[in-house]
Amino acid sequence: MSGFEIIQKGKENGDGVILRYRTRKGTDIYCLGVPLNYSSGEDWDLGASWSYLIDGNRLTLVDTGQFNKYDVFHSMLIKAGFDVANIARVIVTHGHEDHDGNLPEIGEASGAELWAHFAYPSMIAYYPDIDDGARRPGFPGSCRCCMMPDSFNRNCTGYQLKRSRIKITNPVSGDTTPPDSDFRFILTPGHSPDSLCTVFQNEVVFSGDTLLATITPHPSLMLEYLVNRRILPGSYGTDNSAYGLLAYLTSLHKLMKQCAKTSTLLPGHRLFEKGAINRLKPAARAEEIIRFHEERCENILRIMGNTQMGLKEISVELFPLRLRQGMGKFMSQREVMSHLELMNVLGDVAWEDGKNFISRATGTDNYRAFFVKMLEMPPVSDMAQRPGNK
Ligand SMILES: [Zn+2]
C-alpha cells in the first residue's frame, strides 16, 4: 500500500524517527529524522533535519543531515537496512549546515555522484581576495553574511573547510538532464541562492527549506545580493534573481505551477511534529506561504501608517515579545526587512534613511496586484490532467 509507515519511533519533534513512504509506483523512500546540534527553543524549534533515501534504480540520498552528526546519520541508515557504501547518488537541497552537514564523509565513504544547484559550488568556496564589505569575509560564500554570534560560528569552521574540498559531479542548471526519468529538478532560489527542489515520479517533492510544514522558511535579503554578486555564477551575478523575498515568492509561484499534480511534500524540517506526520500537498503549501507573505505586507503597511519607522519599531508591533528574544531579535528584524525590500521594489515603501533602514509607506498598495499574479493558477491544460478533473 502507498503512503507512510513508522519504522522507528523517536522523539515527538521527529528526532530519531524513521518513516517509510511508499510511492504509488511502489518505490520505498526512507525518511530519516536526523537530530540538530542545537535546540532553538519552543518557538523557533525546527525539529529534526530530514534526510531521504530513495530505494529506486540507484540508491539516492536527498540531504545529509547537520554537520557533526555522521554517527547518528549512519546508525539510522543501518536501521533502515542500508549502508553508506550503497549510496550511488546524493542530491543536496541547499548549502546550509543543517542540510549538507555530513556530505564530505558520505561522499568519501560512498563515492556517490553529487548533484546540487549550479550556484552551490560558489557557496562552498572561499574568497580571501574579495574585499566587498561582507560581514564575514573569511567565511565561505554561503556564510559571508552570517549573523550568528562567534560562539556559534566557531563550531562550523571545520565542517566548512572540509565541505569546500567537495567536488560537485553534477551541477544542476535550468536545463540539466535529471538522473533518470523518475526525477525532475526545479531551481528555487530565495531561501538561499542555491535552493533546489526535486520532484520524484511526479508524486513526491523534496523541498529542503523552500517549503516547510507549519513554519514559513526565512527568505534571504536583497542586501545580501549586493555583497555576494561578485561570487555568483552566470546570470545570478548580473541580475538579482537569487536573493530576497521577491526571488523566494517567484520560486513558490513556480512550485505552485509545476507541482500541481504532485501529492506529497517531503520537507527539510517538520515532516513529523508533536508525535504525528504532517501530510501536505506541495502546491497547496506553496500557495499558503504566498498568502502568508501577502498578509504580512498588509500588516506592515498598516503598522507604518504615514509615519517613518525603523526595523525595530516595526518588528515590536508585528511580533510578540517571546519571538523577539535571543535569536528572535535578528530573525524578526530580518523578516521585516525582507518585506520592506519587496515593497520598495513595488513602490509601496520608500527609504527615508537607507543606511539606518528607516522607511515610510508611499500610500500605494501595488503589492496587492503583485500577489494576485503570484497566486495565478496553472494554465487550464495543466489542470485538465489532474486526477478528478474531466
Ligand atoms: Zn534547515
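What follows is a walk through the two domains of this predicted model and one of its sheets.

The domain assignment splits the protein chain in two: domain 1 covers residues 3–282, and domain 2 covers residues 292–380. Taken over C-alpha atoms, the centres of domain 1 and domain 2 are 27 Å apart. The two domains do touch, with domain 1 putting 16 residues into the contact and domain 2 putting in 17. On the domain 1 side, the elements that supply two or more residues are α1 (41–44) and α7 (245–258). Of these, α7 gives the largest share, at five residues. As for chemistry, the domain 1 side of the contact is made up of nine nonpolar residues, five polar ones and two charged ones.

Now to the sheet. It is an open one built from eight strands, and the order is easy to remember: β1-β2-β3-β4-β5-β6-β7-β8. The pairing is mixed. At the edges sit β1 (3–8) and β8 (170–172), each of which pairs on one side only. Going from one strand to the next, the twist averages 20°.

Zooming in on one pair of neighbours, β4 (residues 49–55) and β5 (residues 59–62) run antiparallel and are joined over four bridges. Within β5, Leu-61 stands opposite Leu-53.

A helix also comes into the picture here. Helix α2, spanning residues 70–79, lies across four strands of the sheet, namely β1, β2 (18–22), β3 (28–34) and β4. Relative to β3, helix α2 runs at about 150°. Strand β4 thus appears twice in this account, as the antiparallel partner of β5 and as one of the strands that α2 lies across.

Conventions: Residues are numbered from 1 along each chain as its sequence is written. This is a predicted model: local features need pLDDT of at least 70, side-chain atom pairs count only at pLDDT 80 or more; totals for chains, interfaces and linings use all residues. Domain bounds come from an automatic or database domain assignment. Two residues are in contact if their C-beta atoms, placed from the backbone, lie within 7 Å. Ala, Val, Leu, Ile, Met, Phe, Trp, Tyr, Cys and Pro count as nonpolar, Asp, Glu, Lys and Arg as charged, and the others, Gly among them, as polar. Two strands pair if DSSP finds at least two bridges between them. Axes are lines fitted to C-alpha atoms, for helices over the stretch in contact, and angles run from 0 to 180 degrees between N-to-C directions.
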